[in-house]
Amino acid sequence: MASLGLGWVGEPAVAAILEPLFYSAGLQGELLHTTSFVIGEQVPKTFAIRKPEPVSMLFAYPLHVAYIMVYPLNWTLNHASRSILGLFGVEEASHMEILTDAELKGLIEVSGEHCDLDSDRAKMLQSMFDFDDRIVASVMVPRNEITVIYLDKSFAENMALIKETRHSRFPVIRNTETGHVATSEITRGG
């Protein structure tokens with residue numbers, strides 16, 4: 001409905017702006033309306049995609065008013081669609097079925113390449129989709145292979161260990177003789 005409305009409003013508005021230019025150039029008729037339709041529909045969409053926040057702020061209240069005005073029509077169309085599809089045994093899609101894992105991965109990938117989402121966060125989000133396919137043993141580290149910080153060692157020794165291993169988190173051991181693990185953890189940068 002938004003695209004139809006955009007074309008319905010945008011084409012005459014752009015045609016009114018372009019008409020003097022087309023007539024002065026000797027171009028009239030269908031070319032004016034075709035050009036106006038393309039510009040009237042594509043330019044606002046592209047502008048809204050590239051400047052989403054200012055456009056959203058400008059149109060938030062008018063869109064809410066339009067939503068209230070067309071709500072009865074939307075409700076009627078949705079109810080009619082559900083009823084007809086129900087006669088054929090077609091169930092309504094849940095919110096979980098709207099986007100597939102592959103589509104979400106694609107959105108994350110595009111956001112990582114072209115938007116404000118940095119590549120490290122994009123990789124982390126991508127790996128979340130593959131996490132449930134992993135075997136627990138593949139993400140666990142055996143205790144004898146864990147790098148730990150000993151509280152009874154000097155600050156310089158522990159800092160050297162942190163710099164050498166470049167891990168982001170370290171379990172803290174209170175006593176090297178008993179191997180008792182404290183409840184705290186040192187986090188790089190924290």
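Helices, taken as runs of at least four residues, and strands, of at least two, are DSSP assignments numbered from the N terminus. With that in hand, T147 can be placed in the loop between helix 6 (136–139) and strand 1 (149–150). The model described here is a predicted one.

Although T147 sits in a loop, its relative accessibility is 19%, so the residue counts as buried, the cut-off for that class being under 20%. Leaving aside residues up to four places away in sequence, T147 touches L161, T165, H167, F170 and P171. One of these partners, T165, is the residue that ends helix 7 (residues 155–165).

Helix 7 also holds N158. This asparagine is buried, with a relative accessible area of 11%. Once residues up to four places away in sequence are set aside, the contacts of N158 are with I149, Y150 and K153. Two of them, I149 and Y150, are the residues of strand 1 (149–150).

Attention now turns to a pair of helices. Two packed helices are described by the angle between their axes and the distance between the axes. For helix 4 (residues 101–114) and helix 5 (residues 119–131), the axes come within 9 Å and cross at roughly 170°. Angles over 145 degrees count as roughly antiparallel, and helix 4 and helix 5 are therefore roughly antiparallel to each other. Their crossing is left-handed. On the helix 4 side, the contact is made by D101, L104, K105, I108, E109 and G112. Helix 5 contributes A122, L125, Q126, F129 and D130. Sorted by class, this contact has five nonpolar, two polar and four charged residues. The nonpolar residues include L104 and I108 of helix 4 and F129 of helix 5, while the charged ones include D101 and K105 of helix 4 and D130 of helix 5.

Aromatic rings offer a last point of interest. A search of the whole structure finds one aromatic pair. The pair is formed by Y67 and Y71, whose ring centres are 5.7 Å apart, with 65° between the planes. Planes over 60 degrees apart count as edge-to-face, so the arrangement of Y67 and Y71 falls in that class. Both tyrosines belong to helix 3 (residues 52–87), and because they are four residues apart there, about one helical turn separates them. As for solvent, Y67 is partly exposed at 45% relative accessibility, and Y71 is likewise partly exposed, with a relative accessible area of 40%.

Notes:
Residues are numbered from 1 along each chain as its sequence is written. This is a predicted model: local features need pLDDT of at least 70, side-chain atom pairs count only at pLDDT 80 or more; totals for chains, interfaces and linings use all residues. Side-chain values use heavy atoms; hydrogens and water are left out. Buried means under 20% relative accessible area, exposed over 50%, partly exposed in between (1.4 Å probe, protein chains only). Contact means heavy atoms within 4.5 Å. Axes are lines fitted to C-alpha atoms, for helices over the stretch in contact, and angles run from 0 to 180 degrees between N-to-C directions. Angles under 35 degrees count as roughly parallel, over 145 as roughly antiparallel, 65 to 115 as roughly perpendicular and the rest as oblique. A crossing is left-handed if the near helix is turned anticlockwise from the far one by less than a right angle, and right-handed if clockwise. Rings of Phe, Tyr and Trp (its six-membered ring) pair if their centres lie within 6.5 Å; planes under 30 degrees apart count as stacked, over 60 as edge-to-face and the rest as tilted.
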